[in-house]
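Please go through the chain shown here with its overall make-up in mind before turning to single residues.

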Amino acid sequence: MPDSRLIDDSAIWIIVPAYNESARIAKTLAPLCGAFPNIVVVDDGSADDTAQIAARSPVWVLRHLINSGQGAALQTGIDFALRQDAQIIVTFDADGQHDAGDILRLVQPIRRGEVDVTLGSRFLGKTIDMPWTRHVMLKGAVWFTRVFSQIAVTDTHNGFRAMSRKAAQTIRITQNRMAHASEILDQIREFQLRFCEVPVTIRYNVATLEKGQSNSAAVKIAAQFLLGRLVR
């Protein structure tokens with residue numbers, strides 16, 4: 001295995017799960033393509049032109065024939081990147097909420113060999129135009145995670161994270177939909193992977209809020225996560 005401290009940008013693979021993101025995917029990919037050579041867009045059965053628009057950029061485009069959920073899309077992308085010998089894998093949302101400028105800071109602790117996983121935290125970093133209702137919902141998710149997963153983090157449902165190759169090979173996402181975020185935290189604890197949180201910026205706008213998780217969806221995610229634990 002290469003020394004993590006010697007990992008260059010060509011060994012960093014960015015996974016972008018996308019569902020019906022034709023209006024935003026080109027803008028999301030532009031700063032990524034300008035900084036990193038290996039980007040994988042996993043089109044999760046979109047009904048629009050997400051895959052076709054993504055293919056105009058210098059990225060790999062994988063497609064699910066049917067919508068399977070963000071967790072399934074991430075696992076498809078991670079499996080693909082591992083087959084290409086990725087040494088660090090970054091997960092990055094397609095809706096433009098994340099800042100590509102945060103990626104190098106996110107991967108630094110892994111490069112230095114200090115941790116296996118880094119988790120982006122908007123509460124250690126910065127949020128732009130986040131509604132107070134979303135703030136309350138996310139803080140509730142933090143409490144839920146501390147009780148049920150017994151892992152102390154400040155931001156549990158942030159899709160911006162990075163994993164070493166070892167961590168990506170160890171973690172296996174079986175929660176196909178949004179409960180995968182809690183499942184990943186569970187497995188970090190279960191497999192005693194070293195982790196740290198890194199401050200990141202999250203931007204909200206009307207379009208992303210309309211597509212994001214509602215309070216009722218959060219309850220459903222919690223139920224899916226607990227059910228998944230029972231049947232695992």
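The paragraphs below go from the whole chain to one helix, then to salt bridges, backbone angles and a surface patch.

This is a predicted model, in which local features need pLDDT of at least 70 and side-chain atom pairs count only at pLDDT 80 or more, while totals for chains, interfaces and linings use all residues. Residues are numbered from 1 along each chain as its sequence is written, and side-chain values use heavy atoms, with hydrogens and water left out.

The chain contains nine helices and seven strands; helices (H or I, at least four residues) and strands (E, at least two) are DSSP runs, numbered from the N terminus. Of its 232 residues, 53% are buried. Here buried means under 20% relative accessible area, exposed means over 50%, and partly exposed lies in between, with a 1.4 Å probe and protein chains only. The chain exposes about 10600 Å², of which carbon and sulfur atoms supply 55%; accessible areas come from the Shrake-Rupley method with a 1.4 Å probe, and for residues only the protein chains shown count as cover. Among contacts in the chain with a separation of 6 or more, 75% are between residues 24 or more positions apart, a contact being heavy atoms within 4.5 Å.

Helix α7 is largely enclosed by the rest of the structure, because nine of its eleven residues are buried. The buried residues of α7 are H180, A181, S182, E183, I184, L185, D186, Q187 and I188. Just after α7 comes Q192, with a positive phi of about 55 degrees. Q192 is not a glycine, and it sits in the loop that runs between α7 (180–190) and β7 (195–203). In contrast to the buried residues listed for α7, Q192 counts as exposed, at 70% relative accessibility.

Most residues other than glycine have a negative phi, and most peptide bonds are trans. A positive phi is also found at D85, where the angle is near 75 degrees and the residue is again not glycine. D85 belongs to the loop between α3 (70–83) and β4 (88–91), and its relative accessibility of 48% makes it partly exposed.

Which residues does R165 contact, leaving aside its neighbours within four places in sequence? They are L82, D85, A86 and Q87, so the list includes D85, which has the positive phi. R165 itself is in helix α6 (residues 165–170) and counts as buried at 18% relative accessibility. Its side chain reaches the backbone oxygen of L82 at 3.2 Å; a polar contact is a pair of N or O atoms within 3.5 Å, where within protein one must be able to donate a hydrogen and the other to accept it, and residues adjacent in sequence count only if both atoms are side-chain atoms.

A salt bridge is a side-chain nitrogen of Lys or Arg within 4 Å of a carboxyl oxygen of Asp or Glu, and by this rule the count comes to twelve. One of them pairs D9 with R111, with the closest N and O atoms 2.5 Å apart. D9 lies in the segment before β1 (12–18) and R111 in helix α4 (residues 103–111), so this pair ties together parts that are 102 residues apart in sequence. D9 is partly exposed, with a relative accessible area of 28%, whereas R111 is buried at 12%.

Another salt bridge joins E21 and R24, whose closest N and O atoms are 2.7 Å apart. E21 is buried, with a relative accessible area of 5%, and R24 is buried as well, at 18%. R112 and E114 form a further salt bridge, their closest N and O atoms being 2.8 Å apart. R112 counts as partly exposed at 42% relative accessibility, and E114 as partly exposed at 44%. Elsewhere, salt bridges that share partners join D116, K166 and R194 into one network.

What makes up the nonpolar surface patch of about 310 Å²? It is made by W143, V147 and F148. Patches are made of residues with over 30% relative accessible area and no salt bridge; like charges are joined within 9 Å, and nonpolar side chains (Val, Leu, Ile, Met, Phe, Trp, Tyr) within 5 Å. W143 is found in helix α5 (residues 132–148), and its relative accessibility of 57% makes it count as exposed.
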